[in-house]
Each structure stands twice: as C-alpha cells, then as structure tokens.
Amino acid sequence: MSPSTDAAQTGSRLAARALTLAYEDRTVVHELDLAVPDGQVTVIVGPNACGKSTTLRALGRLLKPRGGAVLLDGTELARIPTRRIARSIGLLPQTPVAPEAIIVSDLVARGRQPHQSWWQQWSDADERAVTDAMARTDVTALADRPVDELSGGQRQRVWIAMALAQETDLLLLDEPTTYLDIAHQVEVLDLVRQLASPAADGTRGRTVVTVLHDLNQAARYADHLVAMKEGRIVAEGRPEDIVTAGLVREVFGLAAVIVPDPVTGSPLVVPGAPWTSSATAPTQTPHPTPGKAL
Ligand SMILES: Nc1ncnc2c1ncn2[C@@H]1O[C@H](COP(=O)(O)OP(=O)(O)O)[C@@H](O)[C@H]1O
Ligand SMILES: [Mg+2]
C-alpha cells in the first residue's frame with residue numbers, strides 16, 4: 001500500500017510559504033510553497049542550479065528568506081531560538097566542511113551539541129546516540145581515523161552519522177549519496193526509508209527531506225516527490241502520479257520513456273536513444289558496430 005502524501009492529512013510541521021531566496025541581487029527561488037509531509041520521505045529533484053540546495057538550506061535556517069517564510073509548527077524559523085531548531089531540524093549540507101584534524105568519533109559526537117548543557121556535558125544517551133549512528137552508517141571501524149584522511153564515500157557516511165546522532169525529528173539531507181558506491185547508496189537510502197517508517201508501537205517515523213540527483217532513486221524512495229525548475233516547483237506528489245515522459249522533458253529537457261521498475265514497480269526513467277541523431281543515423285552506418293556507436 002502506498003503511503004499517502006496528502007500533507008493536510010498527515011500534518012506538516014515544516015512548511016515554506018511564498019518563500020523567496022536570493023544571493024545579493026539574484027533571486028534563485030521564487031515564492032515557493034511547500035508543505036513537508038510529517039513522517040515521510042520527501043525528495044527534491046531538478047536540474048543543476050535550479051535551487052534545490054538553496055531551498056534546503058532555507059528549510060534548515062542556514063539561509064534567511066528574502067521574502068515569505070519557513071514555518072516550524074506554525075512559527076517562523078526566524079522567531080525560534082537556534083538551540084530549539086537544532087533539536088528539531090538536522091541538516092547535512094551538500095559540501096560540509098570538517099574542522100581540521102578531527103577524528104571520526106569526535107565529528108559524530110558534535111551532532112550531540114544541541115542536547116548538551118553546561119551542567120551535563122556528556123550523558124549515556126549521547127554515547128548511545130553516537131554509537132548507534134556510527135553502526136547504522138557502517139563507520140564504527142573508522143572511529144579513530146582523521147576525517148580528512150578518509151575517502152569521499154567514507155567521509156560522506158561519517159557526515160550522515162553526525163546528522164543521525166543529532167536525533168532530530170526532521171532531517172534535511174543534500175545529496176547524501178554523493179561519492180558513495182552503489183551498494184552504499186542503496187544502504188543509505190534504505191536507512192532513510194527506515195528512519196521514516198513508523199515504529200512497532202505505531203509512533204510516527206522521522207520526517208526526511210532529501211535532495212537526490214538520481215531521478216530513478218528519487219522515484220524509488222520518495223513518498224512525496226518535488227520536481228523543481230528555475231527556482232519553482234513544477235510538480236509534486238507521489239512518484240507514480242507525477243513522473244511522466246512529459247515531466248522529464250519539461251524539467252530536464254530529456255526525451256525518455258517511463259517503465260515500471262522491475263523490483264518496486266515505481267516509475268523508471270529510461271532516457272530515449274540519443275545516438276539516433278542524424279549524424280549517426282543507421283543509413284550512414286550499414287554495418288553498425290554497437291560498441292563504437294554507444
Ligand atoms: N553562496 C552563493 N552565492 C551566490 N550564488 C549562489 C550561492 N549558492 C548558490 N548560488 C547560485 O544559486 C543558484 C541555485 O544554486 P543551488 O541551490 O546550489 O542549486 P542546486 O542545488 O539545485 O544545484 C545557482 O545559480 C547557484 O550558482
Ligand atoms: Mg545542490
């Protein structure tokens with residue numbers, strides 16, 4: 001059974017209202033309205049530079065709106081104390097920067113800062129959260145290694161561990177699968193799904209908003225898919241309701257056919273054959289050599 005993505009039905013703690021975002025005099029997001037469905041995985045897709053990261057940063061209050069607002073539980077982020085936001089919203093930026101020479105376990109432990117206070121520096125709960133986050137992202141064996149000596153994929157998993165250790169109800173991830181090999185990509189996305197799944201006692205799962213550049217992974221893992229172009233939302237809804245050849249052409253300018261994913265049944269975008277352009281038309285190659293043509 002497909003989960004519903006009706007934000008009105010599920011509720012929406014985090015929302016953007018007429019959100020306009022700009023860098024100096026250049027507006028990159030225009031009056032965007034978005035209700036993030038609680039306890040679901042929302043995936044943002046769109047071409048390079050369309051404003052995905054900018055939107056995500058504003059949802060995590062790393063960027064101040066030029067117009068409109070981001071609301072958490074109905075209150076503008078700008079009016080909520082930073083510490084309270086840090087306990088509610090975790091954000092993994094697209095290119096996070098680690099403090100020099102920090103080791104893995106110390107970086108993951110930084111995810112606990114919003115939970116600490118001057119009278120209690122480090123608790124059993126902090127320890128558990130860090131150990132659990134490192135196990136779930138497969139970085140336990142790297143605990144004592146300096147972060148700047150890791151491979152891109154290892155480092156990415158460490159950052160995800162830090163975001164998990166923060167134990168926020170809302171998690172914003174900007175292209176969390178970058179640098180990961182395919183097995184670790186699937187592992188991270190399975191983990192994201194698992195985080196959003198309701199607990200055995202029926203408690204709602206976490207709310208995740210993630211930017212993904214792979215449209216097929218987006219269609220596989222999203223409950224709610226948001227397609228952006230030039231700073232605006234072009235379509236949003238369940239992947240099976242919105243991913244069409246027309247949408248792929250409109251958003252990415254790509255000719256494609258959509259077939260059911262053989263494993264999940266979700267829409268699978270197969271790019272049309274770009275090599276059948278006039279320059280390589282079969283009439284000019286009576287004995288086509290596929291290796292060469294491809
Ligand atoms: N810090 C910045 N200063 C100025 N322009 C920026 C900055 N960050 C992003 N931009 C510009 O804003 C636009 C949207 O960027 P971004 O949100 O990063 O796109 P996406 O994540 O969709 O690839 C791009 O044109 C980009 O060059
Ligand atoms: Mg980006």
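This is a short tour of a predicted model, moving from its ligand to a sheet, a hairpin and two backbone curiosities.

**Stop 1: the ligand**

Start by selecting ligand 1 and showing the residues around it. You should find Tyr23, Val28, Gly46, Asn48, Ala49, Cys50, Gly51, Lys52, Ser53 and Thr54. Try colouring this shell by residue class: four of its residues are nonpolar, five are polar and one is charged. Which helix gives the largest share of the shell? Select residues 52–59, and you have helix H2, which supplies three residues.

**Stop 2: from the helix to the sheet**

Keep H2 on display and bring up the strands it lies across, namely S1, S2 and S4. Looking along the axes, you can see H2 running at about 120° to S1.

Now add S5 to complete the picture: the four strands make an open sheet in the order S2-S1-S4-S5, with antiparallel pairing. Strand S2 (26–36) and strand S5 (75–76) are the edges; each has a single partner strand, so one side of each has no neighbour in the sheet. If you switch on hydrogen bonds here, remember that the strands of a sheet pair through those of the backbone.

For a closer look inside the sheet, select residues 14–23 and 67–72. These are S1 and S4, antiparallel strands joined by five bridges. One pair to pick out is threonine 20 with its bridge partner in S4, glycine 67.

**Stop 3: a loop beside S1**

Next, go to the loop between S1 and S2, where glutamate 24 sits. Check its backbone torsions: although glutamate 24 is not a glycine, its phi is positive, at about 50°. Is this residue buried or exposed? Glutamate 24 counts as exposed, because it has 5 C-beta neighbours inside 10 Å and the cut-off for exposed is 12 or fewer.

**Stop 4: alanine 101**

A second positive phi awaits in the loop between strand S6 (89–92) and helix H4 (104–109), where you will find alanine 101. Its phi is about 65°, again in a residue that is not a glycine. Alanine 101 is exposed too, with 10 other C-beta atoms within 10 Å.

**Stop 5: the hairpin**

Finish by selecting residues 224–229 and 232–237, which are strands S9 and S10. They run antiparallel, and five bridges join them. At the turn end, pick lysine 229 and you can trace its bridge to arginine 232 in S10. Two residues lie between the strands of this hairpin, and glutamate 230 takes a positive phi near 50°.

Definitions and conventions. Residues numbered from 1 in each chain as written. Chains lettered and ligands numbered in written order. Predicted model: local features only at pLDDT ≥ 70, side-chain atom pairs only at ≥ 80, totals over all residues. Near = placed C-beta within 6 Å. Nonpolar A, V, L, I, M, F, W, Y, C, P; charged D, E, K, R; others polar. Pairing = 2+ DSSP bridges. Contact = placed C-beta atoms within 7 Å. Axes fitted to C-alpha atoms, helices over the stretch in contact; angles between N-to-C directions. Buried ≥ 20, exposed ≤ 12 C-beta atoms within 10 Å, placed from the backbone.
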